[in-house]
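Please open the structure in your viewer, keep the selection panel at hand, and follow the stops in order.

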Amino acid sequence: MKIKDIYRANNRLLSFEVFPPVRDGTIDRLFAVIERLSELNPDFISVTYGAGGTTRDMSVDIASAVKKRGTAEVMAHLTCVGATRQEIENVLGELTRGNIKNILALRGDPPAGQTSFTKKKGGFAYANELVEFIGRFNFFCIGVAGYPEGHMEAPSFKADIENLKRKIDAGADFVITQLFYNNDDFYRFRDAAIRAGINVPLIPGIFPIFNYRQIQKIASLCGAKIPSALHEALYNSKDENERVEEYGIEYALRQSNDLLQNNVPGLHFYSMNRSRHVERIVRNLSWERG
Ligand code: FAD
């Protein structure tokens, strides 16, 4: 089913992101995690698309397998990195054959070792071009990425919102955001998007912290700020993983409940292929789901 139709029926979406294992565990372990996440009754599970070709085939295979097993509805991520139109079209063909109707259309990050994104000859430079291309097939529901603190490469927050609008005008049906830890950033982003005429669901992406060093690395890679009180609490327990995880769960739960009280159209959790902490958060959210 298309995510836009699920949203029309439920008015609020719950989703989880997983990634194809590179070296961190086996595929069987991932499917076990997906089974446990499915017990939380998500509206969909999304499967990331490996940077620089690393796990691309696996992304499509995993998304197709989840769809085939009927565990949950699926969204496949797709990037423009190192791909020509023809190569993208081939992937779209595979997704169509797997009956996967939902795609998160992304430009992607520069491959390791490169500092800026260069489009492949015959490929796409920006995600709005990919959205427009996918739309031509009249088969997919299309999501795109949004950045509550602005994308790292954008010359300004305003320019980034204008570029988000391009993706919506090109045919995107909803937005999922980059992780953030200060809800005011999300509310400012939402207000700016609405002012710019963006009227599709803007779904916050929540990354529950479970490891101090890992979140430092991820936040610096995507440019997300960690508020000083949160940083201090994590730093003080940085070598006690259980305490960090416990704090991360409490923080994500508070953050999610505040977002729900402020009428967000759903929550998308970056699971990092773990279910325990996401389970704790989702089971304690203050929302009624059908
Ligand atoms: P774009 O929307 O193309 O934006 C990139 C930059 O260019 C921005 O600074 C924007 O302001 C600017 N821009 C956009 N359009 C134009 C234009 N027409 N003219 C001029 N400037 C423009 N990466 C992966 O490799 N695999 C994944 O599976 C993956 N999943 C993700 C899921 C989510 C929810 C999010 C938020 C990100 C994900 N990413 C993933 C990371 C993403 O690929 C990077 O953030 C990437 O740097 C930007 O991708 P984008 O689609 O937002 O690009």
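The tour below goes from the whole chain to the barrel, and then to the helices.

**The whole chain**

Begin with everything displayed as a cartoon, bearing in mind that this is a predicted model. The secondary structure of the protein amounts to eleven helices and eight strands. If you turn on the C-alpha trace, its extent along the principal axes is about 50 × 45 × 45 Å. The radius of gyration is 18 Å, which agrees with the value near 19 Å that a compact globule of 290 residues would have.

**The barrel**

Next, colour the strands and hide the helices. What do the eight strands form, and in which order do they run? They make a closed barrel in the order β1-β2-β3-β4-β5-β6-β7-β8, and the pairing is parallel. From one strand to the next, the twist averages 25°.

For a detail of this barrel, select residues 141-146, which are strand β5, together with residues 174-179, which are strand β6. These two strands pair in the parallel sense, over four bridges. Within this pair, label G146 and look across to β6, where T177 stands opposite.

**Helices on the sheet**

Now bring back residues 56-69, helix α3, which lies across β2 (44-47) and β3 (74-79) and runs at about 165° to β3. Add residues 85-97, helix α4, which packs on the sheet and touches β3 as well as β4 (102-106), with a direction that makes about 170° with that of β3.

While α3 is on display, pick S64, a residue of that helix. Which residues does S64 touch, once those up to four places away in sequence are set aside? Its contacts are G98 and I100. S64 and G98 are 34 residues apart along the chain, yet their C-alpha atoms are separated by 5.2 Å.

**α2 against α3**

Keep α3 and add residues 27-38, helix α2, which packs with α3 at an angle of about 45°, the axes being 12 Å apart. That angle makes α2 oblique to α3. The crossing in which α2 passes α3 is right-handed. To see the contact itself, show side chains for I27, L30, F31, I34 and E35 of α2, which meet M58, I62, A65, V66 and R69 of α3. Sorted by class, this contact has eight nonpolar residues, two charged residues and no polar ones.

**α7 and its two partners**

Move on to residues 183-195, helix α7, and residues 241-261, helix α10, which pack at an angle of about 30° with their axes 10 Å apart. The two helices, α7 and α10, are therefore roughly parallel to each other. Their crossing is right-handed. On the α7 side the contact uses N183, F186 and Y187, and on the α10 side Q255, D258 and L259. By class, the contact of α7 with α10 consists of three nonpolar, two polar and one charged residues.

For the last stop, leave α7 selected and add residues 157-169, helix α6, which packs with α7 at about 60°, with the axes 10 Å apart. This makes α6 oblique to α7. The crossing of α6 and α7 is right-handed. Show F157, I161 and L164 of α6, and you will find them meeting R188, F189, A192 and A193 of α7. The contact of α6 with α7 counts six nonpolar residues, one charged residue and no polar ones.

Key. Residues are numbered from 1 along each chain as its sequence is written. This is a predicted model: local features need pLDDT of at least 70, side-chain atom pairs count only at pLDDT 80 or more; totals for chains, interfaces and linings use all residues. Side-chain values use heavy atoms; hydrogens and water are left out. Two strands pair if DSSP finds at least two bridges between them. Axes are lines fitted to C-alpha atoms, for helices over the stretch in contact, and angles run from 0 to 180 degrees between N-to-C directions. Contact means heavy atoms within 4.5 Å. Angles under 35 degrees count as roughly parallel, over 145 as roughly antiparallel, 65 to 115 as roughly perpendicular and the rest as oblique. A crossing is left-handed if the near helix is turned anticlockwise from the far one by less than a right angle, and right-handed if clockwise. Ala, Val, Leu, Ile, Met, Phe, Trp, Tyr, Cys and Pro count as nonpolar, Asp, Glu, Lys and Arg as charged, and the others, Gly among them, as polar. The radius of gyration is taken over C-alpha atoms; the globule rule is 2.2 Å times the number of residues to the power 0.38.
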